[in-house]
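Me: I am learning to read protein models and should like to study one part slowly rather than survey the whole. Could you take me through that part and its surroundings, step by step?

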Amino acid sequence: MIWTLLRRDLAHFFPFAGSGGASLPLLFFLAVAMLYPFAVGPDPQLLARTGGGVVWIAALLAAILPLDRLVLGDITLGVFDQLKLRGLSEELAMAVRLLAHWLSFGPLLVLATFPAAALLNLEGETLRLLLIGLLAGTPGLAAIGLMIAALTASLRAGAALSGLLLIPLALPILIFGAGALARGDIASIGFAGAISLALVAIAPFAAGAAIRAAREG
């Protein structure tokens with residue numbers, strides 16, 4: 001049952017495998033990386049100094065795009081009611097949804113960082129820290145997104161509110177992740193990873209409770 005649900009969620013969220021909207025985070029991330037050098041000019045030192053932060057901001061903004069697709073459609077269709085009847089709790093369903101959500105954008109953003117790094121003149125230790133930081137931080141971004149999507153699914157302006165809520169909540173991950181690039185300090189990535197891990201542990205329970213409240217309400 002769990003593997004069936006995971007395959008369904010991956011088919012729905014994975015870029016180019018489901019609906020066209022699933023590819024938007026990846027395309028947005030690449031678009032920011034391509035446009036930034038045109039905005040600030042071709043100075044390689046400036047791009048190397050600021051490019052890592054731009055990649056982190058692009059990853060944060062890309063994480064906002066799929067929020068309206070995470071749970072709202074399944075609530076409307078009664079999918080969670082059917083899962084509950086089959087003995088699958090909301091918390092377990094949200095844990096599976098979190099894994100599928102991260103797999104659909106996190107690893108792909110890390111891979112897309114390589115062409116982005118070429119455009120932004122990022123290499124060596126800076127690129128290594130950026131890749132490790134994104135691997136550590138994107139699960140936390142996915143967890144925040146899932147919690148916010150579940151909490152705002154029953155609100156009339158939930159889609160607009162989701163993005164506004166994600167940005168301030170994701171700031172600690174952004175600060176430590178991007179800060180590691182400025183200081184060349186991998187310990188900052190450890191803090192970002194710790195925050196990310198805590199969010200991943202909390203997200204299924206918080207999102208599951210929100211889904212249950214929306215379903216029962």
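The part I should like examined is helix 7, together with the residues around it.

Reply: The model is a predicted one, and what follows is a reading of that prediction. The helix itself comes first, then its neighbours, and finally two other helices that can be described in similar terms.

Helix 7 covers residues 90-120, which makes 31 residues. Why does its length agree with expectation? At 1.5 Å a residue, a helix with this number of residues should span 45 Å, and the end C-alpha atoms of helix 7 are 42 Å apart, so the two values agree. The helix is nevertheless bent: its axis turns by about 35° at Leu 103. A proline, Pro 107, follows the bend within four residues.

Leu 99 also belongs to helix 7. Its relative accessible area is 40%, and because partly exposed residues lie between 20% and 50%, Leu 99 is placed in that class. Its C-alpha atom is separated by 17 Å from that of Ala 62, a residue 37 positions away along the chain. Ala 62 is in helix 3, where it is buried.

Trp 102, within the range of helix 7, leads to helix 8, residues 124-152, where Thr 138 is located. Is Thr 138 buried or exposed? Its relative accessible area is 0%, and buried means under 20%, so Thr 138 is buried. Its side chain makes a polar contact of 2.9 Å with the side chain of Trp 102. A polar atom of the Thr 138 side chain also lies 2.6 Å from the backbone oxygen of Leu 134. With neighbours within four places in sequence left aside, the contacts of Thr 138 are Trp 102, Phe 105 and Gly 106. These three numbers also fall in the range of helix 7.

A second neighbour is Asp 74 in helix 5, residues 72-77. Its relative accessibility is 9%, under the 20% limit, and therefore Asp 74 counts as buried. Beyond its sequence neighbours within four places, Asp 74 is in contact with Arg 8, Val 79, Phe 80 and Arg 97. Of these, Arg 97 falls within the residues of helix 7.

Phe 29 is a third neighbour. Leaving aside residues within four places in sequence, Phe 29 is in contact with Leu 109, Ala 112, Thr 113 and Ala 116, among others. Those four numbers fall within helix 7. Phe 29 also touches Val 55, Ala 58 and Ala 59, which are among the buried residues of helix 3. In the largest nonpolar core, which has 64 residues, Phe 29 and Val 71 are the residues with the most contacts inside it. Helix 8 gives the most to this core, with 15 residues. In soluble globular proteins, nonpolar side chains tend to be buried together.

What comes just after helix 7? Asn 121 follows there, with a positive phi of about 60°, although Asn 121 is not a glycine. The residue sits in the loop between helix 7 and helix 8. Its relative accessibility is 31%, between the limits of 20% and 50%, and so Asn 121 counts as partly exposed.

Two further helices may be set beside helix 7. Helix 3, residues 44-64, has 21 residues and reaches 30 Å between its first and last C-alpha atoms, close to the 30 Å expected. Helix 3 bends by about 45° at Thr 50. Its N-terminal end is capped by Asp 43, whose side-chain oxygen lies 3.2 Å from the backbone nitrogen of Gln 45. Helix 10, residues 186-216, has 31 residues and reaches 45 Å, close to the 45 Å expected. Helix 10 bends by about 35° at Ile 202, and Pro 204 follows within four residues. Pro 204 is one of the buried residues of helix 10.

To return to the starting point, helix 7 bends at Leu 103, and Trp 102 makes a polar contact with Thr 138. Asn 121 then takes its positive phi just after the helix.

Technical notes. Residues numbered from 1 in each chain as written. Predicted model: local features only at pLDDT ≥ 70, side-chain atom pairs only at ≥ 80, totals over all residues. Heavy atoms only, no water. Helix = DSSP H or I, 4+ residues; strand = E, 2+ residues; numbered from the N terminus. Expected span 1.5 Å × (residues − 1). Bend = angle between axes of the 7 residues up to and from the residue. Buried < 20%, exposed > 50% of the residue type's maximum accessible area, 1.4 Å probe, protein only. Polar contact = N/O pair within 3.5 Å; in protein donor to acceptor, adjacent residues only side chain to side chain. Contact = heavy atoms within 4.5 Å. Core = buried A, V, L, I, M, F, W, Y, C linked by side-chain atoms within 4.5 Å.
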